[in-house]
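I opened the coordinates today to look up a few things and write them down. The entries follow the order in which I checked them.

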Amino acid sequence: MTLQMLPRGKWVGARVKRVEDPRFLTGEARYLADIQIPGTVHAAFVRSPYGHARIRRIETSAARALSGVLAVYTAEDVAVLPPLASGLPIEGLKPTPQSVLAKDKVRFVGEAVAVVVAENRYIAEDAAELVEVEYEPLPAVTHAERAMAADAPILHEDLGTNVVYQKVTTLGDVEAAFAQADRVFRRRFHTNRFVASPMETRGCLSVYERASGQLTFYSSTQMPHMLRLFLSLFLGIPEHKVRVISPEVGGGFGQKMTIYPEEVVIAYLGKVLGRPVKWVEDRRENLAAATHAKEQIIELEAAVRADGKVLGMKARLIGDGGAYSFNTASALIEPLAAAGIVPGVYDIPAYQHEVIAVCTNKSPVGAFRAVGWTAAQTARELFFDEIARELGLDPAEFRRRNLISEFPHTTVTGMVYDSGSYRESLERALELVGYDELRRRQAELRQQGRYLGIGISLYVEPTAWGSEIALQAGFPFPSHDNATVTIDPTGKVRVAVSVHSHGQGHETTLAQVAAEILGVSIDDVIVEHGDTDRAPWGMGTYASRSAVIGGGMVALAAQEVREKVLRVASRLLEVAPEDLEIQDGNVFVRGAPDRSLSLFQVAFAAYLDGRVRAEGEEPLLSATKFYDPRATYSNGCIVTVCEVDGETGLVRLDKIVAVEDCGTMLNPMIVEGQVMGAIGQGIGGALYEAMIYDENGQLLTDSFVTYALPTATEVPELVIDHLETPSPVTIGGIKGIGEGGLLASPASVAGAVLDAIWPAGRAIEELPLTPERVLSALQKQGDV
């Protein structure tokens with residue numbers, strides 16, 4: 001199949017309702033907590049109440065004595081299990097191995113120190129409270145810059161430092177750029193630590209059969225095959241005897257692509273106890289112990305000509321990695337990803353960045369939708385707003401003067417933008433929001449003492465996360481994904497994929513691809529995923545890869561199966577394969593539709609009629625295809641309109657316009673759902689959400705009472721528009737869509753707020769923009 005051979009007809013590009021939704025709407029969907037296996041026992045973890053402390057003694061006798069308790073395990077009891085550590089092959093990255101149960105020391109509130117197994121969850125929870133742990137509290141450090149100081153408490157004594165990575169990279173002639181500049185601008189931003197908060201928390205269920213040595217492990221995970229591989233390595237069970245099943249997953253957003261210590265422990269317990277063992281965390285555990293995200297301290301400098309052209313930039317990015325350089329992608333997952341995207345959609349020829357990753361007494365940082373990019377995008381766009389105003393330029397005009405306009409374009413960081421609609425998305429978003437009229441209205445309202453603001457966020461989104469784009473982003477991790485497409489003897493289609501769906505609608509979009517190529521109804525296609533015994537090997541779902549990689553590999557496999565069908569039909573109809581068409585489940589001679597066979601007739605013959613089988617030809621109408629795409633980049637523009645109450649600091653969002661370009665859309669309705677959900681998360685990150693620790697490492701936001709998530713009432717009118725610039729380097733021109741809304745919306749929302757209260761907004765360096773921060777800035781400026 002050539003790159004552009006994905007047809008667009010009845011199914012591809014159609015607004016098809018999600019075929020998976022009926023089971024969710026009727027309550028028939030089964031999540032991890034719904035799975036009931038006879039004999040199941042339940043686990044509860046004993047977690048540290050301290051941010052930093054030595055473990056002096058653990059007394060478990062009272063817990064063991066409680067009726068219904070099967071066992072209590074501490075680090076000594078699971079010493080056979082190796083620690084988890086990042087295996088990312090990046091020079092200079094210091095490892096911080098994490099025991100699956102804390103051994104000598106705890107480094108964040110919520111770290112597991114023991115686990116209780118009992119006949120039911122209630123007994124397990126009661127017994128966990130009976131476990132006595134004697135701690136020796138240690139000084140904690142919860143601010144990344146403080147952790148870098150010479151006198152800071154050290155989390156990992158063997159390293160002698162809390163800095164696990166530090167490197168300066170210079171790209172282009174930075175010194176010349178700054179020497180030639182008419183103005184040099186500097187700004188510091190501290191982006192907030194916020195979290196994925198999926199509707200379903202983490203959980204797993206371990207079922208071990210001693211007679212066969214088979215482990216079946218149910219987990220709310222985004223990466224079933226990768227989890228299977230790691231469980232095999234940690235437990236010493238051959239991988240072919242480990243089966244991972246990821247049932248319905250109520251959201252992941254990156255938080256569930258991590259291999260967690262709890263999963264290794266529960267898998268081990270199932271093996272040693274010979275009983276099914278289940279663990280489902282509560283919300284407090286999720287907020288305290290699942291990975292956090294987004295927090296960085298970013299210092300930017302820009303060398304700018306008087307006409308607004310940016311000649312060069314410098315960036316210092318400090319990532320607060322939490323207690324461990326976590327195992328999936330390390331503490332670099334935020335600052336290194338951010339460093340590569342700082343130039344964004346702008347043509348910046350010279351750039352220097354310093355990337356620093358630091359450990360603090362907080363929950364470790366991991367992936368969360370638009371990981372790293374959200375912080376970089378927010379810092380740069382707010383910075384560019386300030387530069388524009390200081391130069392007396394409209395923020396939109398400043399962006400126009402710096403936009404990349406020709407493709408392909410290789411950025412100063414080595415990213416190869418294959419195609420895009422940067423200027424078009426900006427102009428379309430400004431048109432839809434009524435930008436010129438809003439600026440006039442803003443001036444009028446300011447005279448009345450009202451604060452109207454407009455925020456612009458132009459973005460580029462690295463997608464199709466395969467081997468090439470991982471290298472361009474600085475994370476050298478190869479991709480491996482496959483799809484199997486099969487037509488059974490009755491003419492129905494089964495698609496098995498390695499990418500995993502946890503809300504993205506794969507059962508619809510990937511079925512649309514197969515149906516289009518095979519000429520069948522989407523009702524005749526089923527898509528299977530999430531079971532390592534039924535789906536081919538692959539990396540799972542993360543980083544906007546499923547539409548590109550999943551769609552591409554399904555297209556390749558479906559095309560091969562189509563060719564097999566045509567060969568069989570050509571023998572039955574006695575015409576050349578190239579003279580045949582497939583449409584609506586029928587194979588017919590082109591120009592003579594009365595000469596036709598149903599797909600059922602062709603498939604039945606392929607399997608059971610030896611007369612249509614050439615010598616040595618396999619009868620199975622099936623194909624498995626691998627696809628590792630070239631790097632491709634989506635883009636778009638989000639514009640927010642808000643009004644700030646000068647007396648209270650409250651922000652009212654009036655309207656958000658999002659123009660996105662993800663290349664060829666498989667299903668515009670699902671694209672819009674992705675954008676809407678991501679913008680909702682971005683609103684939370686800009687205005688409400690923050691994981692807050694005190695100086696002792698205590699988590700102060702450990703419930704939805706103290707951790708503020710936006711609800712539907714906080715989301716304003718959303719206007720979503722589409723541009724389609726097909727990628728020239730991917731099958732069908734598909735690009736990803738999952739990250740862009742969260743990548744760009746915090747910058748747009750925060751930009752609107754700071755635009756409303758300019759110049760007071762320059763006093764705010766930290767997100768979220770709570771009413772207290774906004775009001776304080778206004779009062780310092782003397783505006784209220």
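Before naming any helix, I fix the term: helices here are DSSP runs of H or I with at least four residues, numbered from the N terminus. I also note that this is a predicted model.

**Entry 1. A surface patch**

I looked up Leu608 and placed it in helix 17, which covers residues 599-608. Is Leu608 buried or exposed? Leu608 counts as exposed because its relative accessibility is 58%, and the cut-off for exposed is over 50%. I then asked which residues form a nonpolar patch with Leu608 on the surface. They are Phe600 and Phe604, and the three together have about 310 Å² of accessible area. I add a general remark on spacing: in an α-helix there are 3.6 residues a turn, so residues three or four places apart point the same way.

**Entry 2. Helix 10**

I checked the length of helix 10, residues 373-390. The helix has 18 residues, and from first C-alpha to last it reaches 26 Å, close to the 26 Å expected at 1.5 Å a residue. How many residues of helix 10 are buried? I find 17 of the 18, so I record helix 10 as mostly covered, buried meaning under 20% relative accessible area. Just after this helix I noted Gly392, where phi is positive at about 75°.

**Entry 3. Salt bridges**

I got 64 salt bridges for the structure, and I wrote up three pairs.

The first is Glu248 with Arg23, where the closest N and O atoms are 2.4 Å apart. The pair links distant parts of the chain, 225 residues apart. Arg23 is in helix 1 (residues 21-25), and Glu248 is in the loop between strand 11 (242-245) and helix 7 (261-273). Glu248 is buried because its relative accessible area is 15%. Arg23, at 24% relative accessibility, counts as partly exposed.

The second is Arg545 with Asp481, at 2.7 Å from N to O. This pair also links distant parts of the chain, and 64 residues separate the partners. I located Arg545 in the loop between strand 21 (525-528) and helix 16 (546-573), and Asp481 in the loop between helix 14 (467-472) and strand 19 (482-487). Arg545 is buried, with a relative accessible area of 1%. Asp481 counts as buried too, at 0% relative accessibility.

The third is Glu528 with Arg534, also listed at 2.7 Å from N to O. Glu528 counts as buried at 15% relative accessibility, while Arg534 counts as partly exposed at 44%. I also logged one network, in which salt bridges that share partners join Arg47, Arg121, Glu125, Arg202, Glu262, Glu281 and Glu285.

**Entry 4. Cavities and a pocket**

I counted seven cavities of 30 Å³ or more. The largest cavity holds about 120 Å³ of space. Its lining has 17 residues, and the closest to its centre are Gln98, Phe108, Ala112, Pro261 and Glu262. I had already listed Glu262 in the salt-bridge network.

I then turned to the second largest pocket, which holds about 520 Å³ of space. Which residues lie nearest the centre of this pocket? Of the 22 lining residues, they are Arg23, Ser246, Pro247, Glu248 and His529. Arg23 and Glu248 are the salt-bridged pair from the previous entry. The elements that give two or more residues to the lining are helix 15 (506-518) and strand 21. Strand 21 gives the largest share, four residues.

Definitions and conventions: Residues numbered from 1 in each chain as written. Predicted model: local features only at pLDDT ≥ 70, side-chain atom pairs only at ≥ 80, totals over all residues. Heavy atoms only, no water. Patch = residues over 30% accessible without salt bridge, like charges linked within 9 Å, V, L, I, M, F, W, Y side chains within 5 Å. Areas by Shrake-Rupley, 256 points an atom, 1.4 Å probe, with all protein chains shown as cover. Salt bridge = Lys/Arg side-chain N within 4 Å of Asp/Glu carboxyl O. Buried < 20%, exposed > 50% of the residue type's maximum accessible area, 1.4 Å probe, protein only. Expected span 1.5 Å × (residues − 1). 1 Å grid on protein atoms, 1.4 Å probe; cavity = no way out; pocket = protein on both sides within 12 Å on 5 of 7 lines; lining within 4 Å. Points joined across faces, edges and corners; volume = space filled by probe spheres on them.
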